[in-house]
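Me: I'd like a close look at one part of this model, along with whatever it packs against and leads into. Take it slowly and keep it chatty, please.

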Amino acid sequence: MKTFEFGSVNLYLILFRNVKNTKILLDEILNNKGESACAIVRVKYICDPLQIAVAGGKTFMSKQNSRMVTKNVYTELLYNLSTTKNITKSLKTFGVDKDDTDMILAHFGDEVSLEKAASRIDGQQVEWTELAQIYNLEEISRCYNINKVEDSVTNLLDSVITRIATKSVD
């Protein structure tokens, strides 16, 4: 588990593998039936937990300033992970798909509400070192428009974070 603090609010991230109930979780999220609020992030586009933390920081600031683009902090988090301003495309790209078995649970709150959210996932909680076995470098580069020249002069995480941080700058 990774924890990032934004003032009085914590963002918790847990990496899961071999999840068996993804379709049920997705249905609950889409129908607002989930007992615990969270975002379930598609792993293949995430190269480091810091990537989600940066999007989480933007989400927290948007909520604090009443400037959210989406309806709740969890869709805002997925939206902020993306480089596009198209909400639907952002949610489809970074939200989990019904066939995914690897995912990241992202939760704003406390450890009690985190446990409630995590208990709904029928999968194995794993260490973050396993992330490198899951993500797809080519997909991340394509998703964030990182070309070979840029990749040769900076690392992938810096390029991704720069794209996330500067998304709202026109």
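## Helix 2 and its surroundings

Reply: Helix 2 and helix 9 are roughly parallel to each other. Keep in mind that this is a predicted model. The axes of the two helices come within 10 Å and cross at roughly 15°; angles under 35 degrees count as roughly parallel, which is why the pair gets that label. The crossing itself is right-handed. On the helix 2 side, the residues that meet helix 9 are Leu-50, Gln-51, Val-54, Ala-55 and Lys-58. Helix 9, which covers residues 156-165, answers with Leu-157, Val-160, Ile-161, Ile-164 and Ala-165.

Now for helix 2 on its own. The helix takes in residues 49-64, 16 residues in total. From its first C-alpha to its last it reaches 22 Å, close to the 22 Å you'd expect at 1.5 Å a residue. At the start of the helix, Asp-48 gets involved: one of its side-chain oxygens reaches to within 2.8 Å of the backbone nitrogen of Leu-50. Leu-50 also turned up above as one of the residues meeting helix 9.

Which residues of helix 2 are buried? Going along the helix, they are Pro-49, Gln-51, Ile-52, Ala-53, Ala-55, Gly-56, Gly-57, Lys-58, Thr-59, Phe-60 and Ser-62. Put that beside the contact list and you'll see Gln-51, Ala-55 and Lys-58 in both: they are buried, and they meet helix 9.

Follow the chain out of helix 2 and you run into Ser-66, which takes a positive phi of about 50° just after the helix. Why is that worth pausing on? Most residues other than glycine have a negative phi. Ser-66 has its positive phi although it is not a glycine. You'll find Ser-66 in the loop between helix 2 and helix 3, and at 69% relative accessibility it counts as exposed, because the cut-off is over 50%.

There's a second case of that backbone twist elsewhere: Asn-145, also a residue other than glycine, has a positive phi near 55°. Asn-145 lies in the loop between helix 7 (137-143) and helix 8 (148-153). With a relative accessible area of 59%, Asn-145 is exposed too.

Back to the loop after helix 2. Thr-70 has its place between helix 2 and helix 3 as well, but Thr-70 is buried, with a relative accessible area of 12%. Its side chain reaches the backbone oxygen of Asn-72 at 3.2 Å, and a polar contact of 2.8 Å joins it to the side chain of Thr-75. Leaving out residues up to four places away in sequence, Thr-70 touches Thr-75, Glu-76, Tyr-79 and Ile-87.

Asn-72 has a job at the next helix: it caps the N-terminal end of helix 3, with a side-chain oxygen 2.8 Å from the backbone nitrogen of Tyr-74. Helix 3 spans 73-81 and is mostly covered, since 8 of its 9 residues are buried. They are Val-73, Tyr-74, Glu-76, Leu-77, Leu-78, Tyr-79, Asn-80 and Leu-81. What covers them includes helix 2 and helix 9, along with strand 3, helix 4 and strand 4.

Take helix 4 (87-94). Helix 3 and helix 4 pack at an angle of about 90°, with their axes 8 Å apart. That makes helix 3 roughly perpendicular to helix 4. Helix 3 brings Thr-75, Leu-78, Tyr-79 and Leu-81 to the contact, and helix 4 brings Ile-87, Ser-90, Leu-91 and Phe-94. Thr-75, Tyr-79 and Ile-87 are familiar from Thr-70, which touches them too.

Then there's strand 3 (residues 39-42), where you'll find Ala-39. Ala-39 is buried, with a relative accessible area of 3%. Among the residues it touches are Tyr-74 and Leu-77, both on the list of buried residues in helix 3. The rest of its contacts, residues up to four places away aside, are Ile-104, Leu-105 and Ala-106.

Definitions and conventions:
Residues numbered from 1 in each chain as written. Predicted model: local features only at pLDDT ≥ 70, side-chain atom pairs only at ≥ 80, totals over all residues. Heavy atoms only, no water. Helix = DSSP H or I, 4+ residues; strand = E, 2+ residues; numbered from the N terminus. Expected span 1.5 Å × (residues − 1). Buried < 20%, exposed > 50% of the residue type's maximum accessible area, 1.4 Å probe, protein only. Polar contact = N/O pair within 3.5 Å; in protein donor to acceptor, adjacent residues only side chain to side chain. Axes fitted to C-alpha atoms, helices over the stretch in contact; angles between N-to-C directions. Parallel < 35°, antiparallel > 145°, perpendicular 65-115°, else oblique. Left-handed = near helix turned anticlockwise from the far one by under 90°. Contact = heavy atoms within 4.5 Å.
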